[in-house]
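The following exercises ask for a careful reading of surface, charge and strand pairing. Work through each task before turning to its solution.

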Amino acid sequence: MSKHITHWIGGEPVATAGAAPRRGDLFDPATGQVTGQVDFAGIAEVDQAVAAAASAFADWRTASIAKRTTVLFAFRELLNARRDELARIIVSEHGKVHSDALGEIARGLEVVEYACGIPQLLKGGFTEQASTGIDVYSIRQPLGPVAIISPFNFPAMVPMWFFPLAIAAGNTVVVKPSEKDPSAANFLAELWKEAGLPDGVFNVVHGDKVAVDRLLEHPDIKSVSFVGSTPIARYVYETGTRYGKRVQALGGAKNHMLVLPDADLDLAADAAVNAGFGAAGERCMAVSVLVAVDPVGDELVDKIKQRMARLRVGPGCNGDSEMGPLVTGVHRDKVTSYVESGLADGAELTVDGRKHPITAEDENGAPTADGFWLGPTLFDRVQPGMSVYNDEIFGPILSVVRVSSYEEGVALINANPYGNGTAIFTNDGGAARRFQYEVEVGMVGINVPIPVPVAYYSFGGWKASLFGDTHAYGADGVQFFTRGKAVTQRWLDPSHGGINLGFPTNS
């Protein structure tokens with residue numbers, strides 16, 4: 001063990017207080033070896049971070065928009081220049097392949113670039129002479145210290161969905177990253193400091209439920225942004241709002257991909273493999289259910305099997321690896337248990353990922369057999385009610401459901417309690433247009449398997465996939481991290497009409 005990750009508070013790393021602080025182990029998912037430890041914050045450390053954010057808010061909110069934008073541009077340039085270094089950090093703790101980590105950073109950078117346009121995004125409206133001698137205008141102002149609680153699967157991108165806009169709008173931030181891969185957040189904190197962000201504007205506390213609960217209840221935290229599983233998202237939303245906070249809590253998913261008989265089946269098969277097994281399926285936007293409208297089911301499953309057999313599974317640091325391990329041994333075991341439960345429920349195990357060949361050595365020639373591995377797995381003829389269909393597995397298991405018509409496929413998707421993302425593959429423009437209108441899902445792809453919106457739109461699902469009224473980033477993000485004011489003004493001249501105790505009316 002050589003790595004020790006601690007909190008970043010007030011512009012510097014701060015060790016957990018006490019002789020025997022609570023800590024968690026950090027792992028290399030490719031080898032299963034412990035590589036270090038991360039400090040877990042108690043109430044005192046969370047309070048220290050919030051106090052730093054509250055103190056910094058007084059000056060940061062009054063900083064000119066020009067000053068804030070200058071810092072954002074500097075951060076963007078630093079992150080772009082050092083993204084390969086950050087990608088290696090993500091690979092070492094999460095396990096995803098290097099190219100996937102670079103893609104995550106690129107998508108996060110899009111939000112940083114969008115936030116650099118904050119002068120335009122914060123422009124209000126103005127109405128001259130709304131009433132005689134009276135002008136009315138609107139402004140948006142920051143909330144104060146805000147909390148961001150992010151998951152393990154995107155340790156850089158998901159925090160960047162939130163903190164660029166929060167900081168650009170004049171807020172200060174406390175990030176609580178996943179304890180499974182915490183180093184990316186500290187790396188980003190160092191870049192912010194180098195970019196000229198004042199101390200205390202961006203803080204990081206590590207830990208578990210103790211830290212989360214304190215952020216949810218702390219009176220100085222004005223909003224909470226969360227991404228994770230639906231049960232925890234519901235808990236965060238209900239707890240945060242009970243304490244009077246503004247909350248956006250993005251939950252789980254069971255994303256369906258509907259393939260019509262007229263679709264390009266090679267394109268659909270490529271998309272199913274890419275979206276089902278990228279990042280070892282540890283994506284809230286992963287395709288986990290392929291809905292095949294027969295008679296194309298057999299041919300489509302065969303094409304997917306051929307592609308799965310060629311997937312190179314190995315350490316994320318290896319340049320030829322296409323899929324890495326799962327993040328922890330506990331999570332790997334949970335995902336693997338669905339292989340047995342799927343068989344018990346009567347699904348056809350078409351490809352058993354437990355038997356997929358794994359690259360035997362990492363880039364240094366060290367054995368990786370003890371890593372947290374599960375190869376790509378395919379179930380066919382899955383039915384609603386089976387655990388592999390009902391549950392968000394968050395691993396490399398793809399389920400194929402056969403239906404007889406477009407209508408049956410849409411009904412299946414709409415009956416699912418989740419509504420995060422979906423896709424349709426077809427060459428029929430009319431069917432695609434009908435699908436995007438009828439499907440009860442927040443993000444829709446048409447011949448696009450992972451429809452994550454670009455930064456100037458907003459990310460978020462429907463139903464059990466979102467708690468709160470706003471989505472992440474885009475226009476919704478600006479709204480979430482600011483409060484609106486409407487100002488009615490009159491500047492009197494010497495000829496004013498004197499006292500009038502009647503209720504004011506427009507004229």
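A patch is made of residues with over 30% relative accessible area and no salt bridge, nonpolar side chains being joined within 5 Å. The model examined here is predicted.

**Exercise 1.** Determine which residues form a nonpolar patch on the surface, and decide whether Tyr 456 is buried or exposed.

*Solution.* Begin with the patch itself, which consists of Val 454, Tyr 456 and Tyr 457 and has about 350 Å² of accessible area over the three residues together. Next, place Tyr 456 along the chain: Tyr 456 lies in the loop that runs between β20 (443-446) and β21 (462-463). Finally, apply the cut-off, by which exposed means over 50% relative accessible area; Tyr 456 counts as exposed because its relative accessibility is 57%.

**Exercise 2.** Find the salt-bridge partners of Glu 217 and Lys 303, and state where each pair sits in the chain.

*Solution.* A search of the whole structure gives 30 salt bridges, and two of them are treated here in turn.

Step 1: Glu 217 is bridged to Arg 214, with 3.2 Å between the closest N and O atoms. Both residues belong to helix α8 (residues 209-217), and because they are 3 residues apart there, about one helical turn separates them. Buried means under 20% relative accessible area, so Arg 214, at 16%, is buried, whereas Glu 217, at 29%, counts as partly exposed.

Step 2: Lys 303 forms its salt bridge with Asp 266, and the closest N and O atoms are 3.0 Å apart. This pair links distant parts of the chain, since Lys 303 is in helix α11 (residues 297-309) and Asp 266 in helix α10 (residues 265-277), 37 residues apart. Lys 303 counts as buried at 17% relative accessibility, while Asp 266 is partly exposed, with a relative accessible area of 36%.

**Exercise 3.** Establish the order of the strands in the open sheet that contains β7, and identify the bridge partner of Arg 140.

*Solution.* The sheet has 3 strands in the order β6-β7-β23, and their pairing is antiparallel. Its edge strands are β6 (126-131) and β23 (482-490), each of which pairs on one side only. On average, and with direction ignored, neighbouring strands of this sheet are turned by 30° against each other. Turning to one pairing in detail, strand β7 (residues 134-142) and β23 are joined in the antiparallel sense over 9 bridges. The partner of Arg 140 in β23 is Gly 484.

Key:
Residues are numbered from 1 along each chain as its sequence is written. This is a predicted model: local features need pLDDT of at least 70, side-chain atom pairs count only at pLDDT 80 or more; totals for chains, interfaces and linings use all residues. Side-chain values use heavy atoms; hydrogens and water are left out. Patches are made of residues with over 30% relative accessible area and no salt bridge: like charges are joined within 9 Å, nonpolar side chains (Val, Leu, Ile, Met, Phe, Trp, Tyr) within 5 Å. Accessible areas come from the Shrake-Rupley method with a 1.4 Å probe; for residues, only the protein chains shown count as cover. A salt bridge is a side-chain nitrogen of Lys or Arg within 4 Å of a carboxyl oxygen of Asp or Glu. Helices (H or I, at least four residues) and strands (E, at least two) are DSSP runs, numbered from the N terminus. Buried means under 20% relative accessible area, exposed over 50%, partly exposed in between (1.4 Å probe, protein chains only). Two strands pair if DSSP finds at least two bridges between them. Axes are lines fitted to C-alpha atoms, for helices over the stretch in contact, and angles run from 0 to 180 degrees between N-to-C directions.
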